[in-house]
Amino acid sequence: MPARATDARAHRAAVLGSPIAHSLSPVLHRTAYQELGLEGWTYDRFEVDEAGLPAFFETLGPEWAGLSLTMPLKRAVIPLLDEVTETAASVEAVNTVVFTEDGRRVGDNTDIPGMVAALREHGIDEVDSAAVLGAGATASSALAALSRICPGELAVYVRSDARAAEMRQWAERLGVAVRIADWADAEQALRAPLVISTTPAGVTDALARSVPERPAALFDVLYDPWPTDLAARWSAYGGAVVSGLDLLVHQAVLQVEQMTGLAPPPLDAMRKAGERALAAR
């Protein structure tokens with residue numbers, strides 16, 4: 001993308017979703033702007049649902065550099081875009097929109113490379129097999145991320161036949177080998193070399209008592225509340241834990257880079273700002 005940061009004009013960016021009040025994205029992006037010395041750049045949050053998304057796009061002027069998208073907009077935005085990257089298309093989910101200098105709307109997914117980067121930061125470059133807890137939109141991104149670091153079988157633990165069918169479709173589309181398992185057997189997942197939990201808050205609490213004495217690695221995509229019961233028990237037993245804040249920071253770094261055209265901002269400063277914001281809640 002063209003380097004917008006050298007342009008003296010004001011630039012705007014924001015995160016959209018519903019609900020959105022809890023989002024840490026403004027804290028992370030504003031910290032990045034400060035660290036990069038960007039003046040005239042603002043980042044806000046807007047409560048926008050699927051029905052209101054087209055009208056919101058109609059209000060955007062040339063000062064807009066990009067948008068971050070959270071649920072329920074990651075798929076609803078696709079018809080409004082001029083281009084979608086291969087990464088985003090692979091899971092039909094866009095969490096980043098960049099407005100180019102010539103007025104085009106380009107959608108990308110930084111969750112997938114963000115997951116890979118967060119794992120690698122914790123020394124997890126490749127695993128022989130992995131387990132995924134849950135089967136929602138984040139689970140499909142997890143499959144895409146795992147396709148880059150796990151050549152072996154992926155076990156996905158789901159709570160309904162409908163979810164099972166969806167995950168089989170995503171696995172086929174992504175070209176990964178998946179074994180679908182019933183949620184009632186989710187305790188077995190905890191013995192995998194890498195477990196990625198993509199479920200809402202509270203869903204995995206009952207599994208905490210089943211964490212093995214020597215767990216391997218857990219990636220829990222939640223960041224508030226933190227730690228989850230599962231992550232706390234995992235850490236207490238000496239296992240490696242990657243948090244949802246790790247993911248949020250890594251994907252935000254990629255968003256800032258795309259929207260500004262500058263080299264990646266300091267990750268540590270963004271993470272510390274996120275930690276302070278969470279501690280103040």
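## A walk through the predicted model

Glu92 is partly exposed, with a relative accessible area of 35% (buried means under 20% relative accessible area, exposed over 50%, and partly exposed in between, with a 1.4 Å probe and protein chains only). Before going on, note that this is a predicted model, where local features need pLDDT of at least 70 and side-chain atom pairs count only at pLDDT 80 or more, while totals for chains, interfaces and linings use all residues. Residues are numbered from 1 along each chain as its sequence is written, and side-chain values use heavy atoms, with hydrogens and water left out.

Back to Glu92: this residue lies in the loop between helix H3 (86-91) and E5. Helices (H or I, at least four residues) and strands (E, at least two) are DSSP runs, numbered from the N terminus. Glu92 has a positive phi of about 50 degrees, although it is not a glycine. For background, most residues other than glycine have a negative phi, and most peptide bonds are trans.

On the subject of peptide bonds, there are cis ones to look at too. One joins Ser18 and Pro19, with omega about 0 degrees, and Pro19 is found in the loop between E1 and H1. Another joins Asp224 and Pro225, with omega about 5 degrees; Pro225 is found in the loop between E11 and helix H7 (229-236).

Now for the sheet. Six strands form an open sheet, in the order E2-E1-E3-E5-E6-E4, and the pairing is mixed. Strand E2 (41-47) and strand E4 (83-84) stand at the edges with a single partner strand each, so one side of each has no neighbour in the sheet. Two strands count as paired if DSSP finds at least two bridges between them. Here are some of the pairings:

| Strands | Direction | Bridges | Example partners |
|---|---|---|---|
| E1 and E2 | parallel | seven | Leu16 and Phe46 |
| E4 and E6 | parallel | two | Val84 and Gly107 |
| E5 and E6 | antiparallel | four | Phe99 and Arg105 |

The hairpin of E5 and E6 has five residues between the strands, and Gly103 there takes a positive phi near 90 degrees.

What packs on this sheet? Helix H1 (residues 25-36) does, touching E1, E2 and strand E3 (64-69), and its direction makes about 175 degrees with that of E2. Helix H8 (residues 244-260) packs on the sheet as well, touching E1, E2, E3, strand E5 (96-99) and strand E6 (105-108); the direction of H8 makes about 15 degrees with that of E5. Contact here means heavy atoms within 4.5 Å. Axes are lines fitted to C-alpha atoms, for helices over the stretch in contact, and angles run from 0 to 180 degrees between N-to-C directions.

H1 and H8 also meet each other. Their axes come within 10 Å and cross at roughly 55 degrees. That makes H1 oblique to H8, since angles under 35 degrees count as roughly parallel, over 145 as roughly antiparallel, 65 to 115 as roughly perpendicular and the rest as oblique. The crossing is right-handed, meaning that the near helix is turned clockwise from the far one by less than a right angle (anticlockwise would be left-handed). On the H1 side, the contact is made by Leu28, His29, Ala32, Tyr33 and Leu36; H8 brings Leu248, Val249, Ala252, Gln255, Val256 and Thr260.

H1 also holds Ser25. Is Ser25 buried or exposed? Ser25 is buried, with a relative accessible area of 7%. Not counting residues up to four places away in sequence, Ser25 touches Val15 and Tyr43.

On to the nonpolar cores. Such a core is a set of buried Ala, Val, Leu, Ile, Met, Phe, Trp, Tyr and Cys residues joined through side-chain atoms within 4.5 Å. The largest one has 36 residues, of which Leu143, Leu146, Met167, Leu194 and Phe219 touch the most other members. Among the elements that give two or more residues to this core are helix H4 (111-121), helix H5 (137-149), helix H6 (161-174) and strand E10 (194-197). H5 supplies the largest share, seven residues. Leaving aside neighbours within four places in sequence, the contacts of Leu194 include Leu119, Val127, Leu146, Ile149 and Phe219. A second, separate core of 18 residues includes Ala131, Ala231, Trp234 and Val241.

H5 has a polar residue worth a look too: Ser147 is found in this helix. Ser147 is partly exposed, with a relative accessible area of 34%. Ser147 and Gly175 are 28 residues apart in sequence and 7.9 Å apart in space, C-alpha to C-alpha.
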